[in-house]
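Colleague: I would like to learn how to read the features of a model like this one, taking them one at a time. Could you show me the structure before we begin?

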Amino acid sequence: MTGTGASEPTLLEIRYRRALRMLPEDYRAAWGEDMVTSLLDARGVGDPDPEQDELAGLGKPGPAEVLSVLLLAVRARLGAFGASPRQARWGEAARRVALVGLLVAAADVLARGIWEVAVLHDLPTSLGDASIANPDWLFAGPWRRLLALAPALWAPAFAALVFGRRRTAAALAVLAVLPELLRTALDITGFPGITGTLLAFQIARLAPVVALIAFHDGAPAPRPRSWLVALAVATATLLLPAALIDRGPGALPPPTWMQLVFADWAGVCAVVHLVARRRGHRFGSAGWTLALFVITALALLQRGVSVADYVRLSSPEPGGYRVFEVAALVETVVLATVAVVLATLARDDLHETRDSPAPMPGAGPSVTA
Amino acid sequence: MATVTEPAFFVLLSLVDEPRHGYGIVGTVDDLSEGRVRLRVGTLYGVLDRLAAEGLVEHDREEVASGRLRRYYRLTDDGRGALDAEAARQAENARLAGVRLRAHPAPRAASPPPPAPARGVVALGGQA
């Protein structure tokens, strides 16, 4: 064993120690040895019967134990109790990425629903129509209705999250995102030429759902009022361009222009943040810098890849779409510049955040043999 | 203390009588909950980490057994208070549930409905 150096570590102990490497180093320093002991105790290593002891020492870590260590490692790296200030910063940023991601998705479905009911005087139908492939076996009958309704779950998922119901929010968000992933898989199969664009959009959709794991026990609850105001503003921001300019016969359908606005949002929020940071406003905090870097990077990925696909696939003769191409390219360059600035600032912030060891429970140990 | 999850409740409960080491807590929780709450080691240390940060448990001592160090944890006064408050909260919830269930008994819950006669069988009292 390594704790006292009394004997050689067993194969099982070596394997457990390997699994514990998933934990942050300072967390491991505080809890690792005791965790190894508990893991080995649970497997019967140290049994008075030498044969049993040897047999237990040759085992492999159980998948459930490894999974529990993995989840602990994720929580520790995202600022759970005992995490270092740097990990707490990452956790704070991840929670904001989750909130902003669900906000974007909720505003998207709300704006589409309002647009279709108020302007097109029809029931919301475009929610489930994003698939280009549209195979009959899936997009017909009751399946079609279910798939059409699934994205609407983004709105209650966001509401649940801001009101502190993180498990409900996670369950609803997973139900909302799964049909979208399914459609993307079908579209990639049917239209391999735009695989990059489709993947980039789904990565941006999926990342906030994964980031929900940062809402662990003890994570501070969001302030519902601020986030609900943000949802109202975001929904209005999505509807405004359509109401002002996009009503002609050749107008882009809602699902298209809704997605286009996301990159603008991210860029504007990032610039406002940089100004707020200079002025010492709350929105200019270091936690927001890191979160907005991730959000801007996701928007840049979407915009960059989709512009590349668009330019590659668009007709070579000059036409009305040239304006869109130029605007999208400018947008990409602005986002890339802002992302670099945010990345530099976030790196400096993290560097300045001194890592301190995870708190040890109680006073110093008194070892008794 | 903001919330006491079920694993945290049982970890606190397991430390009421004496300090215990990690695996000792796992075993005691298993016994106390009659096998309903089975703590994985990753879960246990996530809970211990949180309870220690909140000052509800603390390090008691370390011992060497079978060549390995074992760290013992004990309940603090705050931890005992938090457990007491949570137990009182749960008892009040249980009392309320009992009062409401007694006040609104389920209709016809006392006697099960008679079995339906099999298809094609003439019920008693019909033509003889």
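Modeller: We will go through chain B, then the aromatic rings, and then the salt bridges.

Modeller: This is a predicted model, in which local features need pLDDT of at least 70 and side-chain atom pairs count only at pLDDT 80 or more, while totals for chains, interfaces and linings use all residues. Residues are numbered from 1 along each chain as its sequence is written, chains are lettered from A and ligands numbered from 1 in the order in which they are written, and side-chain values use heavy atoms, with hydrogens and water left out.

Colleague: Which pattern does chain B follow along the sequence, and what share of its residues counts as buried?

Modeller: Helices (H or I, at least four residues) and strands (E, at least two) are DSSP runs numbered from the N terminus. Chain B has 4 helices and 3 strands, and along the sequence these follow the pattern α-β-α-α-β-β-α. Buried means under 20% relative accessible area, exposed over 50%, and partly exposed in between, with a 1.4 Å probe and protein chains only; of the 128 residues of chain B, 36% count as buried.

Colleague: How should I read an aromatic pair, and how are Trp31(A) and Tyr73(B) arranged?

Modeller: A pair of aromatic rings is described by the distance of the centres and the angle of the planes. Rings of Phe, Tyr and Trp (its six-membered ring) pair if their centres lie within 6.5 Å, and planes under 30 degrees apart count as stacked, over 60 as edge-to-face and the rest as tilted. There are 6 aromatic pairs over all chains. Trp31(A) and Tyr73(B) form a stacked pair, with 6.3 Å centre to centre and 20° between the planes. Trp31(A) lies in helix α2 (residues 25–42) of chain A and Tyr73(B) in strand β3 (residues 68–75) of chain B, so the pair joins two chains. Trp31(A) is buried, at a relative accessible area of 0%, and Tyr73(B) counts as buried at 0% relative accessibility.

Colleague: And which helices hold the salt-bridge partners Arg303(A) and Glu331(A)?

Modeller: Side chains of opposite charge can pair when their charged atoms come close. A salt bridge here is a side-chain nitrogen of Lys or Arg within 4 Å of a carboxyl oxygen of Asp or Glu. Arg303(A) and Glu331(A) meet in such a bridge (3.2 Å, N to O). Arg303(A) lies in helix α12 (residues 286–313) of chain A and Glu331(A) in helix α13 (residues 322–352) of chain A, so the pair ties together parts that are 28 residues apart in sequence. Both Arg303(A) and Glu331(A) are buried.
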